[in-house]
Structures are given as C-alpha cells and as structure tokens.
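Here are my notes on the model, point by point. They deal with how the domains meet and with the salt bridges.

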Amino acid sequence: MSTTEVKVLGSTGSPFVMRAVIALNIKSVDYELLEQNLVVKSELLLKSNPIYKKIPVLIHADKPICESLVIVQYIDEVWTCGPSILPSDPYDRAIARFWAAYLDDKWFPSVRVIVLTAEGDEVKKETLQQVATGLELLEDAFPKCNKDGNFFGGERIGYLDIALGCFLPCLRVIEKVHNLKLLDEAKTPNLCKWAESFCSDAAVKDVIPETDKLIEFAKVLIAKIKARPSN
C-alpha cells in the first residue's frame, strides 16, 4: 500500500499517537507520519479535526478519522487481513472497551496531572496514589482477560494492550522524575511481565520514545499550557 494513502497527523512523543501507529504496525500497513507543531497547529490538522483540533488524526484515502481509540477500531475493521486487535467474543470486546474507557476517563487524567503540572507535594502524593490504585485494578484484571497469554489480548497484542501500553512511557517519566516505582514486581507482577512483553513486541519496540526525550516533550506541553491566556 502506498504511504500516500495512509497518513497520521501526530507527534512521536504523544501516547495517543502511539496507539494509531502500533495498530498500523500490527496490521503491517505502510503510513506516513506528519509531525505536528503542538503550539502552532497546522491548517491540515485544523481542517481534519475541526471539533477537537488535536492529534492524532488518521487520514485514509483523504478521509480523516479522529480520536485514538476510534482510530484503532477503524484500523482493525478496515485491514481485516492482519491479526485482529479487538476480541472476537462480544463479551470480551465489551470488557476491553470498558477498561480502555476507564484508562482515558478516570486513570490517565491523574497521570497527566503528575507529568504536566507543578502542584504541591500533598496534591501529587494523592494523585500518585490514584495512579497506583488504577494499576492495582489492572493487575487484578489481567488474568481475567489474558486467556493464559502474555497480553490482555491473549497471545497477541490487542485493544486493551494498546490502550494501556501507550502510557508506559509516561509512567517511566514519573518514575524517573520522582525517583519511585509504579510498576513493582512485588505489587504488580502481572503488569511488570506484561510491560516487558509489550515493549519488546515487533509492533511496539521502535515506537516507544526514550524517557529523556519524553521529558523534553512534556516540557513543551507545559510551556504551551502556561502560555494559554487566563480567563
């Protein structure tokens, strides 16, 4: 497939862009990543995603698809010749979607607070506990979802693996900056083993950004947030 048929508007540091890229890699789809300026948004991005005006956007045959989890589902439905990303069983598919929604709606906002704000120690301590609690919930969910495989999706990376795995670099940033362990073999042995399998998978290993580069990426976002006019 020509790279001109599939484009991804995004940035290599964005966890949500990682979702689209990993899904395309799983399906062996050639694509072109068009790096976006996160401060001055391009006309193509604003035209392709006029509602949210954010990355990622998948452009397939000149048609834009927005929102990372929607993009992953679209990729799975369009390129059916590759390995399935969503579970085939309706119940398993519903559970995977439930946990993916939990990650975006309830869990990642706490991660984002720690990475992108300079709140006081007490606030960060409480937020770190929320992140740790979410990881404990996912630790318990893993054996119920994995079908005795190495991934939430079983023997292969699936929908929930992509949804959670894209946040692993953010966890590494938190661990390095705050000198702590969130994925702990004593508390989250399942997730530790899963994270190692996920990051070493062929569809993922070249997508995971280096921690130091991601810290610099976070600094750009912080500067962008600070530059916003206050109401």
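1. A term is needed before the counts. A polar contact is a pair of N or O atoms within 3.5 Å; within protein, one must be able to donate a hydrogen and the other to accept it. Residues adjacent in sequence count only if both atoms are side-chain atoms. With that rule, five residue pairs are in polar contact between domain 1 and domain 2, both residues of each pair being at pLDDT 80 or more. Keep in mind that this is a predicted model.

2. The layout. Domain 1 covers residues 6-78. Domain 2 covers residues 90-211. Their centres, taken over C-alpha atoms, are 22 Å apart. Domain 1 brings 13 residues to the contact, and domain 2 brings 19.

3. The buried area. The two domains bury about 1400 Å² between them. Carbon and sulfur atoms account for 75% of that area. On the domain 1 side, the most area is lost by M18, R19 and I22. Together these three residues make up 38% of what that side buries.

4. Who supplies the domain 1 face? Two helices, α1 (15-26) and α3 (68-78), each give at least two residues to the side that touches domain 2. Helix α1 gives the most, with nine residues. By class, that side of domain 1 has nine nonpolar, three polar and one charged residues.

5. The salt bridge across the domains. The count between domain 1 and domain 2 is one. The side chains of R19 and D104 meet in a salt bridge, at 2.8 Å from N to O. R19 sits in helix α1, and D104 sits in helix α4 (residues 90-116). The two residues are 85 apart along the chain, and the pair links distant parts of it.

6. Is R19 buried or exposed? R19 has 0% relative accessibility, so it counts as buried. The cut-off for buried is under 20% relative accessible area. Its partner D104 is at 23%, and therefore counts as partly exposed. R19 thus appears twice in these notes: it is one of the residues of domain 1 that lose the most area to domain 2, and its side chain meets D104 in a salt bridge.

7. Salt bridges overall. The count comes to five. Among them is K54 with E67, where the closest N and O atoms are 4.0 Å apart. K54 lies in the loop between α2 (43-48) and β3 (57-60). E67 lies in the loop between β4 (63-66) and α3. The pair is 13 residues apart and links distant parts of the chain. K54 has a relative accessible area of 38%, so it is partly exposed. E67 is at 29% relative accessibility, and it too counts as partly exposed.

8. Another of the salt bridges is D92 with K147. The closest N and O atoms are 3.3 Å apart. Which parts does this pair tie together? D92 lies in helix α4, and K147 lies in the loop between α5 (121-145) and α6 (159-165), so the pair ties together parts that are 55 residues apart in sequence. D92 is partly exposed, with a relative accessible area of 24%. K147 is exposed, because its relative accessible area is 54% and the cut-off for exposed is over 50%.

Note on methods: Residues are numbered from 1 along each chain as its sequence is written. This is a predicted model: local features need pLDDT of at least 70, side-chain atom pairs count only at pLDDT 80 or more; totals for chains, interfaces and linings use all residues. Side-chain values use heavy atoms; hydrogens and water are left out. Domain bounds come from an automatic or database domain assignment. Contact means heavy atoms within 4.5 Å. Buried area is the accessible area (1.4 Å probe) that two parts lose on being put together, summed over both. Helices (H or I, at least four residues) and strands (E, at least two) are DSSP runs, numbered from the N terminus. Ala, Val, Leu, Ile, Met, Phe, Trp, Tyr, Cys and Pro count as nonpolar, Asp, Glu, Lys and Arg as charged, and the others, Gly among them, as polar. Buried means under 20% relative accessible area, exposed over 50%, partly exposed in between (1.4 Å probe, protein chains only).
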